Amino acid sequence: MAEVPGWTRLPDLACRSVGGSVVWANDELFAERENLIRKPEPVYQTYTFGHKGQVYDGWETRRRRDSGVDQAIVRLGLPGVIKGVVVDTAFFTGNYPPFASVEATSATGYPAPDELAGWETVVPKSPLGGDRKHYFEVSAHRRYTHVRLTIHPDGGVARLRVFGTPVADPDLIVPDALDLAALENGASITGCSNMFYSDPANLIAPGQATVMGEGWETARRRDDGNDWVEVELAAPGVIRLAELDTSHFKGNAPGWASVRARDARTGAEFDVLPRTRLQPDTRHRFRVEGAAEATHARLDIYPDGGMARLRLFGGLTADGLRVITQRFQDLR
C-alpha cells in the first residue's frame, strides 16, 4: 500500500462541499462526471445495474473506437496553490484508464469551459492501476482556479482530489467585514489536540455543516484535560464577533468553550471569549469588545466533543490587507 503523503491533510480545493464543480466533460455515458468531486469515499454495490450497465460511484466514459482521450474540467471551489493530486480508481478493475494527466489554469471572473486557456501541466501523463489511489505531488507554485483531468484513452475514475492552500482574491474581500478564520480567505489550522472522528479543518470550511460528520469531533476524554484547536488567521485583523456553532452535535457537544488570540504586535495571548457555557445543536454568537490586533486564535472546548463551525468576524488591519494582497500578487 502506498504511503499517504502529508499534503493530503490540506484542504481539497476541488471538493463539492467547498463549492467545486465539474463544469464540463466530453463524455459521461456510463457514470456522471459530478461523482468525481463528491466528498464521501467511493462505494460499490454488487449487481446494481441501470439502463447503461453497472452503476458506478465515479466518472466513466464509453469505450473508444477511435484515437483520442477523454477529459473533465473542474472549477475549484477554493482557488489556490495545488500541493498534490489524488486520482482514485476505486472499484474500477477492468475499466480503469491506463494513464492520466492533470493540467491547471488561472482565470478571472466566471468563464465558460470553452473560454478557458493557458493550461499548464501539473501532473504529466502517468500510469494508473485499477481499484487504488494514485498520489501525485505538484511542484507548481502559483494560484489556480480550474483543473483538467485527462484519461488516456478512456475508462473510469472514482474521485479526483486536489489538495492545496486556498489563496483569496483581494478584490473580492471587504477589509472591514470578513471572517478572519475562514478557509476561503486564507486561514488555516496549525494544530489541534485530537482529530479522532473528523478533521479540524472542517471548522473553518465554507457554508454550514449539514451533518455531524462535516464538523470537528474529538474522542471522549478520560482525564482532566480538554481539547483545543489553533487557527492561523487569514491575515492580521481585529476580531469583533465570534460564532461557535454546535449544530448537529446533540449528545456530544462541548459543555463550555473559550477563545484566545495572539497579539499581532507582542505575541501575547488575550481573551476573545472567556470560558462560556454552550448548548447542543445551537449557533452561538458573541460580540467581542476591545480586542487587539491578532494573528492566531485558539478555540478550547471543555472537556471534549464536537463543533460544526468556528467563525471569527472582524476587520483586517492595514498590515493584514497588505499580506492578503501581496500573497495574491506573488502567486499570479
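**Exercise 1. A salt bridge between two loops**

R62 counts as partly exposed, at 43% relative accessibility, in this model, which is predicted; identify the acidic residue with which R62 forms a salt bridge, and work out which parts of the chain the pair ties together.

Solution. Step one is to find the partner: the side chain of R62 meets that of D27 in a salt bridge, with N and O 2.5 Å apart. Step two is to place both residues: R62 belongs to the loop between strand 4 (59–60) and strand 5 (70–88), whereas D27 belongs to the loop between strand 1 (21–25) and strand 2 (49–50), so the pair links parts that are 35 residues apart in sequence. Step three is to classify the partner, for which the cut-off is that buried means under 20% relative accessible area; D27, at 8%, is therefore buried.

**Exercise 2. Further charged pairs**

For D70 and for R262, name the salt-bridge partner and give the separation of the N and O atoms.

Solution. Begin with D70, which forms a salt bridge with R64, the closest N and O atoms lying 3.0 Å apart. D70 is buried, with a relative accessible area of 2%, while R64 is partly exposed at 22%. Turn next to R262, whose side chain meets that of E230 at 3.1 Å, N to O. Since R262 lies in strand 16 and E230 in strand 15, this pair ties together parts that are 32 residues apart in sequence. R262 counts as partly exposed at 27% relative accessibility, and E230, at 19%, counts as buried. To finish, set these pairs in the whole structure, where a search finds 24 salt bridges; D12, E41, K133 and R161 are linked in a network of such bridges.

**Exercise 3. The two sides of helix 1**

Work out which residues of helix 1 are buried, which exposed residues sit on the face turned away from them, and which strands the buried residues pack against.

Solution. First establish the element: helix 1 spans residues 318–330, has 13 residues, and reaches 18 Å from its first C-alpha to its last, close to the 18 Å expected at 1.5 Å a residue. Then list the buried positions, which are G320, I324 and F328. These lie on the same side of helix 1, because they cover an arc of only 70° around the axis. The face turned away from that buried side carries the exposed residues A318, R322 and D330. Finally, the buried residues pack against strand 9 (143–152), strand 15 (227–245) and strand 21 (309–316).

**Exercise 4. Strand 19 and its partners**

Describe how far strand 19 is covered, and determine how strand 15 and strand 16 pair with strand 19.

Solution. Strand 19 covers residues 293–302, and eight of its ten residues are buried. Strand 15 runs antiparallel to strand 19 and is joined to it by eight bridges, with L299 of strand 19 as the bridge partner of V229. Strand 16 (residues 256–263) likewise pairs with strand 19 in the antiparallel sense, over eight bridges, and here Y302 of strand 19 is the bridge partner of W256. The peptide bond that follows, from Y302 to P303, is cis, with omega near -15°, and P303 is found in the loop between strand 19 and strand 20 (306–307).

**Exercise 5. Alternation and the nonpolar core**

Sort the residues of strand 18 by face, then find which residues have the most contacts inside the largest nonpolar core.

Solution. In a regular strand the side chains alternate between the two faces of the sheet. In strand 18 (residues 283–287), H284 and F286 make up the covered face, and R283, R285 and R287 the uncovered one. Five bridges join strand 18 to strand 15, the two running antiparallel, and H284 is the bridge partner of L244. L244 leads on to the core: the largest nonpolar core has 69 residues, and those with the most contacts inside it are L149, L244 and L299. Strand 15 supplies the largest share of this core, eight residues. L299, leaving aside neighbours within four places in sequence, has contacts that include L244, V229, W216 and L310. A second, separate core of five residues includes A31, A90, F92 and A158.

Definitions and conventions:
Residues are numbered from 1 along each chain as its sequence is written. This is a predicted model: local features need pLDDT of at least 70, side-chain atom pairs count only at pLDDT 80 or more; totals for chains, interfaces and linings use all residues. Side-chain values use heavy atoms; hydrogens and water are left out. Helices (H or I, at least four residues) and strands (E, at least two) are DSSP runs, numbered from the N terminus. The expected span of a helix is 1.5 Å times one less than its number of residues. Buried means under 20% relative accessible area, exposed over 50%, partly exposed in between (1.4 Å probe, protein chains only). The arc is that of the directions from the helix axis to the C-beta atoms. Contact means heavy atoms within 4.5 Å. Two strands pair if DSSP finds at least two bridges between them. A salt bridge is a side-chain nitrogen of Lys or Arg within 4 Å of a carboxyl oxygen of Asp or Glu. A nonpolar core is a set of buried Ala, Val, Leu, Ile, Met, Phe, Trp, Tyr and Cys residues joined through side-chain atoms within 4.5 Å.
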